[in-house]
Amino acid sequence: MDAWRNFVGGAWQDSINVRDFIQKNYTLYTGDGSFLAGPTERTKRVFARVQDLLREEMAHGGVLSIETNRVSSILTYNPGYIIKEDDIILGLQTERPLSRAICPFAGFRNAEQACAAYGYDIGDNVRSEVRFRTTHNQGVFRVYTETMRHARHAGILTGLPDAYGRGRLIGDYRRLALYGMDYLMQEKLRDKRAIGERDMSDENIRLLEDIARQLDFMRDLKTMAAQYGCNIGRPAENSYEAVQWVYFAYLGGQKEQNGAANSIGRITTFLDIYFERDLKEGTITEEGVQELIDDLVLKLRLIRHLRTPEYNDLFAGDPVWVTTSEGGMGEDGRPLVTKSSFRLLNTLYNLTPSAEPNITVLWSQNLPENFKKFCAEVSIRTDAIQYENDDVMRPLYGDDYAIACCVSAMKCGKQMQFFGARCNLAKVLLMTLNGGKEELVGDQIAPVGPVFSDEKPLDYEEVVEALKGYMTWMAKLYVNTMNVIHYMHDKYAYERLIMSFHDSELERLMAFGISGLSVLVDSLSAIKYAKVTPVKDESGLIVDFVREGDFPKYGNDDDRVDEIATWVVRYFYEQLCKTPAYRGAKHTLSVLTITSNVVYGRKTGNTPDGRRSGEPFAPGANPMHGRDAEGALASLNSVAKIPYECCRDGISNTFSIIPETLGVDLEDRREKLCAILDGYFAQGAHHLNVNVLDRQKLIDAMEDPNLYPNLTIRVSGYAVNFNRLSRDKQLEVISRTFHEKM
């Protein structure tokens, strides 16, 4: 095949095996970024148009327009362009850039409320299409128990994907470029025939229907691409087609599903193989390669979904988490760094910093030093990348995995995730002290237990023993709630195209999450090492605490409290695993809040650590704001102790340090940041967001957004344009610890 000319053959030629293709063909790059090209004149024109559109979008309250009369799917819209004569990589979600589509089958009321929030009414065509269809949201609430509803309403379980597309899926979009759709469909039909020869068990019937639905949308994607003049039935034959085919595969999924975080995966090492071949053949230049990458990134930056204000309150800044995964090591000891790893990072210079795509560097001690330094410099200059520990993840996922959303690893095309938001464990502690009652309004949500006395200080051992019981109850409720959600999502809002870029039979993960970890841990530490006496209201509900004496606080490398954090995570994970998950999924756990740490705090009363009712939690696994007083390294050391084996869905840590603390100049800061990352990850730590800035810059940007229109910061597993955050979210970010000493 001419498409595979000059590629080294292997097992990838006989069956779908993108990893084998990469391992046989990629070119390791150990040099620096001196080869990189700036934006072409064409890129500058398109980027200027995008900038105009983004300003117009902000002027319209964050939503430029909504396509209210059509249900979005792969073939709903005619071809769309930014500037038709200048676009290289083709395709938009709708016919106009930044115009948002309606995907109502995850939740019609959700779509209706989102439209209303921006002054739109859903059209009669959409209403008629949905009228005789059950949505995912309807299915879920038909089955929810009263306890599930109460836990959701009270904010003990928050952010559940029961009214919106679940997301957290990474199709192996590289398959379309390497094999073409005709071959992929042929292999799906082969799988269907093989499964059809088995006994018709529940699971086998599901698989057969899944594949049938996938095949329908694979055909539709071919038709969509043909509308742009592209034949994706065959493999990509050159660099342009390789990028275009990968993007078409991703774009089709975004037209069909508005999931919370449908990441694009690990694509640059794959694409670099095409670039290297074509550069050697003289059919493309370095400027041409960078132009392709720049154009792809511009398209990814325009991905939009229609969200309600409530959703935006939880996941602030309008993120879509088009997460890309860069770097990492191969199982054979070779780094998976190519020139295209540099090229993707270079878009943060060519196209100015941006939150999307959510660039994630898979960090290893053994990455090329030049790549490490380049990443560190980009972090210092843009605050737009995050780092995850490849040396921790690779033994579990192999060397062909990618990150979904923020911190969740999955094998490309071989694993999928049932996303599950978070459980507010700080609130579970308050419920424990109140004998199963919610602390703000007094509703009995959990089983009735003894209410702790307000006539004496709390006894640590007694509190922990009672907490264990309520955590066990909470874990079972959480798993069963998730089982309901994902049963109904598969039934009524299945991600047909995205799942077609997975193996037909794959491993499923169910992702649970913890919020309020540092609040719970500090509260338990206060009970153990200080004297904490409950205060009750006239109804006998514990609503506040009197504390005498100090206590060790999480975030200062103090084992007395850090061991409590480790125990909490391990115990809750073990309790989750006791209840079987839907479709045999493996239980995973994250310590991650996105920006919903503000909402969780708003729904949580006074806590024994001294935090006041309504105050935000710390994000993710971070120590509470200002409590990590022993410096940057001590804070990192505390978070590093949380065991990844119990948190395979990720441990999010957002780290802010002022430039002067990191070093006297760029070279010094770059060296020190590399050393910090090496040292942190050498301890088995999992994730780090890096912000190198001072608090005053954020205050100035909040007061006058025009000062820093492209100011990008890391918040909790993702990056965001600071100006897109609501004021309460901005204030919370400003209140975080900005380390002034190592």
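**Exercise 1. Cys-405**

Locate Cys-405 in this predicted model, give its phi, and state whether the residue is buried or exposed.

Solution.
1. Cys-405 sits in the loop between β7 (401-404) and β8 (408-411).
2. Its phi is near 60°, a positive value in a residue other than glycine. Most residues other than glycine have a negative phi.
3. The relative accessible area of Cys-405 is 4%. Buried means under 20%, so Cys-405 is buried.

**Exercise 2. Asn-6**

Carry out the steps of Exercise 1 for Asn-6: where is Asn-6 found, what is its phi, and is Asn-6 buried or exposed?

Solution.
1. Asn-6 belongs to the segment before α1 (18-25).
2. Phi of Asn-6 is near 65°, again positive in a residue other than glycine.
3. With a relative accessible area of 63%, and exposed meaning over 50%, Asn-6 is exposed.

**Exercise 3. The bond from Glu-356 to Pro-357**

Assign the peptide bond from Glu-356 to Pro-357 as cis or trans, and place Pro-357.

Solution.
1. Omega is near -10°, and the bond is cis. Most peptide bonds are trans.
2. Pro-357 is in the loop between α14 (339-350) and β5 (359-363).

**Exercise 4. Helix α8**

Compare the expected span of α8 (residues 181-196) with the distance between its end C-alpha atoms. Then find which elements its buried residues pack against.

Solution.
1. Helix α8 has 16 residues; at 1.5 Å a residue they should span 22 Å.
2. The end C-alpha atoms are 22 Å apart, which agrees.
3. The buried residues of α8 include Met-181, Leu-184, Lys-188 and Ile-195.
4. The buried residues of α8 pack against α7 (174-179), α9 (202-227) and α19 (496-500).

Terms used:
Residues are numbered from 1 along each chain as its sequence is written. This is a predicted model: local features need pLDDT of at least 70, side-chain atom pairs count only at pLDDT 80 or more; totals for chains, interfaces and linings use all residues. Side-chain values use heavy atoms; hydrogens and water are left out. Helices (H or I, at least four residues) and strands (E, at least two) are DSSP runs, numbered from the N terminus. Buried means under 20% relative accessible area, exposed over 50%, partly exposed in between (1.4 Å probe, protein chains only). The expected span of a helix is 1.5 Å times one less than its number of residues. Contact means heavy atoms within 4.5 Å.
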